[in-house]
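Biologist: I am new to this structure and would like to understand how each label is earned. Could we go through the reasoning together, step by step?

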Amino acid sequence: MTNMRGVDRVNRAFSGISTFLRANYCEDIAQLQAEMAIFGVPFDEASPFMPGTRMAPRSIREHSMRFSPSGFYDIARQQHFLASEITDGKIQDVGDIDILPTNLSQTMENISAMTRQLRRKGVIAVAMGGDHSVSYPLIRGIEEPVHVIQFDAHLDFAPVQHEMHYTNGQPFRHIAALPQVKSLTQVGIRSLRVRPGEIADAQAQGSRIVPVNDFRQCSPQQIAALLPAGEKCYVSIDIDVLDMALVPGCVSAEPDGLSYAQLRDTLCALAERMDIIGFDLVEVNPLLDVATGMTSYLAAHTMVEFMGHIFAHR
């Protein structure tokens, strides 16, 4: 384990070696002693349109360093979150999945091995994608029964065609079929490119679909109440669930999306109700972003707030 904050340093956002929130770096999972582990999945070979999400874990880490390792103070709640979790080593960065270009099966096994190892140690697994295809091997590596909730503009339930099994438009077709997945809830769906056959297939496999207009009729607590209280839950966040004006660095962005507050408040409600055992945030593309890197910053911001509320309710 390496302390990435040093001793008696100012540590401005532009200095130092990047880990998420300047968390300690652990290179050997077998030696990990933490409650939550953050890792990158720099993979975008399953994106059929524009590449670039492989660069997101590095960019999100860099923008996370704009936050303090001593946490954040929510002025609205008058509450300090993550005050000691970084400095006490409860949250650690374990680096990136080893990606083997063009060797899809072994790359996916490397991804599954990470969540498998972490969950066997009882560690909350937090992944930074990468395109959305990575959610399938991430959840495949979880061996215990789990409820999955997806925040997304798209269903990602496309059928297999021309022997293309694992694009970023298909992961939840495979996730819904995993024996350990007790339920799948898909929230924020609104893209005009979602096909009727995808909807029919998802519903036939038991998925609960919450289109964006239905979402707006519910409180955050009502969305969270769709899942049974206290049970294990994995959350998958596609950054395109947010309105496209908020995420210029996302190739799949769509209009009429969620506001940041809507997403944050729903994640907070889930953290309060469920036993969150892992989450991923995917589809940030730094190559498309504006010069300030606002999409990577928003991704880091989303992760930091969600992590804070997960620990607040443990």
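Modeller: Let us begin with D44, keeping in mind that this is a predicted model: D44 has a relative accessible area of 4%.

Biologist: What makes D44 count as buried or exposed?

Modeller: The cut-off for buried is under 20% relative accessible area, and D44 is therefore called buried because its value is 4%.

Biologist: Why is the contact of R54 with D44 called a salt bridge?

Modeller: A side-chain nitrogen of Lys or Arg has to lie within 4 Å of a carboxyl oxygen of Asp or Glu, and for R54 and D44 the closest N and O atoms are 2.6 Å apart, so the pair satisfies the rule. Both residues sit in the loop between β2 and α1, 10 residues apart.

Biologist: What makes R54 partly exposed?

Modeller: Partly exposed covers the range between under 20% and over 50%, and R54 is placed there because its relative accessible area is 40%.

Biologist: How do you know that E144 and K232 tie together separate parts of the chain?

Modeller: E144 forms a salt bridge with K232, their closest N and O atoms being 3.1 Å apart. E144 lies in the loop between α3 and β7 whereas K232 belongs to strand β10, so the pair ties together parts that are 88 residues apart in sequence. E144, at 14%, is buried, while K232, at 31%, counts as partly exposed.

Biologist: Why are β1 and β9 called edge strands?

Modeller: In the open sheet of nine strands the order is β1-β5-β2-β6-β11-β10-β7-β8-β9, and β1 and β9 each pair on one side only.

Technical notes. Residues numbered from 1 in each chain as written. Predicted model: local features only at pLDDT ≥ 70, side-chain atom pairs only at ≥ 80, totals over all residues. Heavy atoms only, no water. Pairing = 2+ DSSP bridges. Helix = DSSP H or I, 4+ residues; strand = E, 2+ residues; numbered from the N terminus. Buried < 20%, exposed > 50% of the residue type's maximum accessible area, 1.4 Å probe, protein only.
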